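Work through the exercises below with the sequence and the 3D structure at hand. Try each task before reading its solution.

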Amino acid sequence: MNNKFPRTPFSTPLSGSARETEIRLKNIFSGPKKRPPALFLVLVFSACLLCGNLVSCQVAEPDSGVARLNNAQQGDVSLSDYTARAVTIDPDFPPQTEEEEWLLQALFTDADMLRPFQEPKARLMNFIQKDGYILGTAFVEDHLENTLILGVMDKETHELTDSVFRRDLHASVLNTVTFQSSDGEYRLLYTFNGQENGQYTGEAGVVRLDGAFMAWEWPVEGDAGLVNDPPVGPKGAFQDYQDYWDSHLALLAPGGLDVYAVNPDFEYGKEEPASMWQLDHGETFYYNSSSAEELPMPIYFQSLNWLNEQTNDPGGWRIISLTMDEGLSTEGMDCFTLQAREGMGSNILFTDLFFSYERTGNRKSYNSLDHAGAVEIYQNLLERRDNSSPNEPDKDNDWDWDDEKWEVWDEEWEKEQEARQITEYQSVGVTMDGKDYYYQGQLVNIFLDQRPDKSVRTLNQNPAGTVNVKILRNQDGSITGAAYLTDAETAELSELFEE
């Protein structure tokens, strides 16, 4: 039997020498070989200890000055006893540039001084930059809790402009998205959710750079880490931020967030309702074709309500995409394909939802959800292929697995991979329209997706695009996010396309 392997979906062949192209791409994205000297790092960390602005969250009096509060209580180690240590980088998520290393180290050190980590693994999740400052967010996995860190670094001095915003939560997951707002400036959106007493809990926010400071725009305006108003910079908004998240939960959604509020019928010890959360409203911050603002009423929220009822887990699943399937739609009944993902897991759900409508001219007025098709939940679509072989066929398949059957099976597997890839791209803000890629609604010029070994999975260019984007993957190949290409990376790839 001739074992044939399917072509890799979304691969783009490059002209010229394949070996030369591969080497060049690996050199571009392997990161700088030169690292800051050890002695220099020690001197910088010592300066941070002498000059850093560490404030205990145990504030005696509200009028005693400007204080930054975190939900991490001050540890037993005093500032004078603290010894700076190098950040323990998560090997699956290494920084891509020297500047990213500086940023991660600065965020980690300041948070570690507040309360030392035990067995940390840190990774830089995302960042935005403007006028010589860079606002970054890091995620630290530790022994008992995971940690969200937000802070601003001066790109020239590599020093933080203020102490970090730190939050700690058991079994938590951090998701981040950067997007360009209507004023042309970039914002950072995050959700930080975990569990407490058997229920979901967490917080979210939209943050921007305000000079050398970070400023929240949602759900509060100001600095969510400051109790009082500082002499300069955004006003203190800690209490308002804390009060909001005492009674709300937010999950990433197409274009923004889905926000849940406490269900008044919930009581600990009662069997129903099992979840303390019920859907409250949505927040849209950027364009996405699957968002509640772009879809006709009441498609999005009817679909989300169905998802919550189907899983019996409000606040546990989030919509990744919701798109019309013209092939399954009929006159008077449209089909929308729903793709959803666990908020704190990796399971992915697929189903078709059918909505009836009345037509007036070219306008459709949709009714409530009519019915749903079969529900499929996958932990990893690749498992279906890995667990099948010509010698051990699927229980529902009695093929003899000759060359023709392999071709048919490969075509089906390839379609599943394409669907899976599109879903994963959408989960980090990347959508496709034909062969064009969009990131947060912006047409992409250069789009790059590489495997962990730096070989190319997808490389695409559309000169009409306005942004340059790369997909971030960990060592097992799973997508962890999307980010803008650096100027150096863009220049190298542009030169490659010209050749």
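**Exercise 1.** Decide whether R166 is buried or exposed.

Solution. Buried means under 20% relative accessible area and exposed over 50%, with partly exposed in between (1.4 Å probe, protein chains only). The relative accessibility of R166 is 1%, so R166 counts as buried.

The model is predicted: local features need pLDDT of at least 70, side-chain atom pairs count only at pLDDT 80 or more, and totals for chains, interfaces and linings use all residues. Residues are numbered from 1 along each chain as its sequence is written, and side-chain values use heavy atoms, with hydrogens and water left out.

**Exercise 2.** Place R166 in its strand and describe the strand's two sides.

Solution. Strands (E, at least two residues) and helices (H or I, at least four) are DSSP runs, numbered from the N terminus.
- R166 belongs to strand β4, which covers residues 165–169.
- In a regular strand the side chains alternate between the two faces of the sheet.
- In β4, R166 and D168 point one way, while F165, R167 and L169 point the other way.
- Of the 5 residues of β4, 5 are buried.

**Exercise 3.** Find the strand that pairs with β4.

Solution. Two strands pair if DSSP finds at least two bridges between them. Strand β3 (residues 146–154) and β4 have 5 bridges, in the antiparallel sense. Opposite R166 stands I149.

**Exercise 4.** Which backbone oxygens does the side chain of R166 contact?

Solution. A polar contact is a pair of N or O atoms within 3.5 Å; within protein, one must be able to donate a hydrogen and the other to accept it, and residues adjacent in sequence count only if both atoms are side-chain atoms. The R166 side chain reaches the backbone oxygen of A111 at 2.6 Å. A polar atom of this side chain also lies 2.9 Å from the backbone oxygen of R115.
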